[in-house]
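User: I'd like to go through this model with you and ask how each label was reached. Could you set the values against the cut-offs as we go?

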Amino acid sequence: MSKVAQSVLTKFGEAVKRARALKGWQLKELSQEMRGNSGISFLSDIEKGKRSISGPTVGKLINALNLDETWIDQFLDSDTSPEGEQTAADRIADKTLELVPSSDVAQKLVDAGITENAIIALAQRIAGDTDDVGQAWLQLQNAMDIAVRVQAEGKQHSNHGDFVDTVLAQVADLAKDGDYTSASATIRDALAQADAQKSRLLATGAEVALLDADTAAAAALLVCKADVDAGGIAELKTLHALQNRYHEIGRDKGSNLDSVLAIDLAHLILARAETPEERGAVGNNLGNSLAVYGARKSNTIRLEQSITAFTQALKERTRDRVPLDWAMTQMNLGSSLKILGERESSTDRLEQSVTAFTAALKERTRDRVPLDWAMTQMNLGNALASLGEREIGTGRFEQAVTAHTEALKENTRDRDPMLWAMTQMNLGNALRKLGERELGTGRLEQAVAAYTEALKEITRDRAPMQWAQTKLNLGNALSRLGERESSSVHFAQAVVAYTEALKENTRDRDSMQWAMAQGNLAGVEVAFFDNTNDPAHLDRAAGYANAAREVFVEAQASQYVIMIDQNIAAIQFRRS
């Protein structure tokens, strides 16, 4: 068998597109005519000559569009490679495209003249990066908003000169049909020639680079725009604000693209820092962005890089020179060490984390900086609780409860509702872990009460990732209560809490948290089996546990692998 020549694929694709246009069909109508055997994403690539296709598919297209039947002769006995078949990415793209007509931006796309092919190209690019429909739809909505803004810039006339307006119109024309690579290249070529009034061009170039998922290019363009706006070299405080904007979006909205952009910006800004104070401040910001992104990734590379960044920053931010800045970076270092330590079987990182927080408290006193003192107390409590899990007894957990209770003396709801809620959640964690080591249900009930308080301010709309974390923790406390009381009511409430958490903690967005929820669901299903003796619960438990183990192994999180292997062994024992 031989491969169909590219020239044949191109000509056939043109014939398909022409015949479809004569019928007045969109790709959706053609897909429906083929009874869904070929999705929109797949058909779009056929029209562009990008897919080798089988004889049966060619026959269906001939019948649907009344094409010349001699086309089939050029595809007989052809070798159809795997890329000629519909893929999982095609199906993800198609599912997200189905949501476009009912979205808020649908009419804006029509008004801007953005073609179906342009939206398909975006959906295909996004689907290639994730297997989660929810995450793909979130990214596609953001991309469509950017695409509409690019069109608006192309139509807007200004006093920046004909050159800029012409280039932006060309970019809009290319982007309208989904040729984002050429649009991005047009911006770069224009920037090489432009010598004044580049701000609009640079802003649009950064957004087009983000459409192309090129964060390094977007970061360079944003820094260049800041320089143009400053009329020379932008001040570091301006660049700090720029980097912090994307850091906060990535942190609060769970957007990986924005987190990586913040990291790329920090690297560029660090290269400009000249004094110890500047290098220390930028290094601290770089460490924060690396930590936020690293906490969501299954591997530990970014977390280790964050520790390196904080360690380097401390060489510049010395205690003698800038005591409060030194203390801030010590606290941030402690946070990264804690996250990394929780993934390792050794307690070394967790002990280093406690040391870092304790050091920070030498300068972050309650009299001097009460809110910073409270924040450090809260983080110290978290590290003590994590260390307590590796040790025998309740001493560390009791210290953690004390630290969080101290923090609440300053972190009041009236002063800062979200910080109060986060402290309540962390107090709940310490109480839950203490309750697991003690007899009775008192501490566990206190933990449930603390989580419930926290959820009064940590809502899904306001802070989706923190909301999911609190739901996950609430589920843990309810599950433990169910075990103590043999209560199916508490188990059922735990399942609801875990399921709620998974609405935001998707595997693509935060694989570790997703895996934790899967492992917890496995534990609840085992508990249900013990109450009901229904083997279906064990089947579900095994599915959840194996899914969690896959992520923990990939993340090299040995401590969690050991824990999930114990759960799997418990499931197998019950089956025997």
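Analyst: Happy to. Keep in mind that this is a predicted model. The protein has 27 helices and 0 strands, and its C-alpha trace spans about 80 × 70 × 40 Å along the principal axes.

User: How many of its residues count as buried, and what makes a residue buried?

Analyst: A residue is buried if its relative accessible area is under 20%. Of the 576 residues, 52% count as buried. As for contacts between residues at least 6 apart in sequence, 65% of them join residues at least 24 apart.

User: Thanks. Let's take helix pairs. What makes helix 11 roughly antiparallel to helix 12?

Analyst: The axes of helix 11 (residues 199-211) and helix 12 (residues 215-230) cross at roughly 165° and come within 8 Å. Angles over 145 degrees count as roughly antiparallel, and therefore helix 11 is roughly antiparallel to helix 12. The crossing is left-handed.

User: Which residues of helix 11 and helix 12 meet?

Analyst: On the helix 11 side they include Leu202, Ala206 and Leu210, and on the helix 12 side Leu221, Leu222 and Val228 are among them. Sorted by class, this contact has 11 nonpolar, 3 polar and 2 charged residues.

User: Why is helix 5 called oblique to helix 8?

Analyst: Here the axes of helix 5 (residues 88-97) and helix 8 cross at roughly 60° and come within 9 Å. Roughly parallel needs an angle under 35 degrees, and roughly perpendicular runs from 65 to 115. An angle of roughly 60° fits neither range, so helix 5 is oblique to helix 8. The crossing of this pair is right-handed. Ile92, Lys95 and Thr96 of helix 5 make the contact with Val133, Ala136, Trp137 and Leu140 of helix 8. By class that gives 5 nonpolar, 1 polar and 1 charged residues.

User: And what makes helix 3 and helix 7 roughly perpendicular?

Analyst: The axes of helix 3 (residues 40-47) and helix 7 (residues 116-127) come within 10 Å, with a crossing angle of roughly 115°. The perpendicular range is 65 to 115 degrees, so helix 3 and helix 7 are called roughly perpendicular. Their crossing is left-handed. Helix 3 brings Ile40, Ser41, Ser44 and Asp45 to the contact, and helix 7 brings Asn117, Ile120 and Gln124. The classes here are 2 nonpolar, 4 polar and 1 charged residues.

User: Which residues touch the most other members of the largest nonpolar core?

Analyst: They are Phe12, Leu30 and Phe75, in a core of 83 residues. Helix 8 (residues 133-155) supplies the largest share of this core, 9 residues. Leaving out residues up to four places away in sequence, Phe75 touches Val4, Val8, Leu9, Phe12, Ile53 and Val58. Another core, of 59 residues, lies apart from it and includes Val354, Val401, Met425 and Phe491.

User: What makes a group of residues a nonpolar core?

Analyst: Its members are buried nonpolar residues, such as Val, Leu and Phe, joined through side-chain atoms within 4.5 Å.

User: Where is His240, and which residues are in contact with His240?

Analyst: His240 sits in helix 13 (residues 236-253). Beyond its neighbours within four places in sequence, His240 is in contact with Ile269, Ala281, Val282 and Asn285. Ser487 is 247 residues away from His240 along the chain, and their C-alpha atoms are separated by 52 Å.

User: Why does Asn533 count as exposed?

Analyst: Exposed means over 50% relative accessible area. Asn533 has 57%, and so Asn533 counts as exposed. Its place is in the loop between helix 25 (511-532) and helix 26 (535-554).

User: What is notable about phi at Asn533?

Analyst: Most residues other than glycine have a negative phi. Asn533 is not a glycine, yet its phi is positive, about 65°. Gln556 also has a positive phi, about 55°, without being a glycine.

User: Is Gln556 buried or exposed, and how do you know?

Analyst: Gln556 has a relative accessible area of 62%. The cut-off for exposed is over 50%, so Gln556 is exposed. This residue lies in the loop between helix 26 and helix 27 (558-575).

Terms used
Residues numbered from 1 in each chain as written. Heavy atoms only, no water. Axes fitted to C-alpha atoms, helices over the stretch in contact; angles between N-to-C directions. Helix = DSSP H or I, 4+ residues; strand = E, 2+ residues; numbered from the N terminus. Left-handed = near helix turned anticlockwise from the far one by under 90°. Contact = heavy atoms within 4.5 Å. Nonpolar A, V, L, I, M, F, W, Y, C, P; charged D, E, K, R; others polar. Buried < 20%, exposed > 50% of the residue type's maximum accessible area, 1.4 Å probe, protein only.
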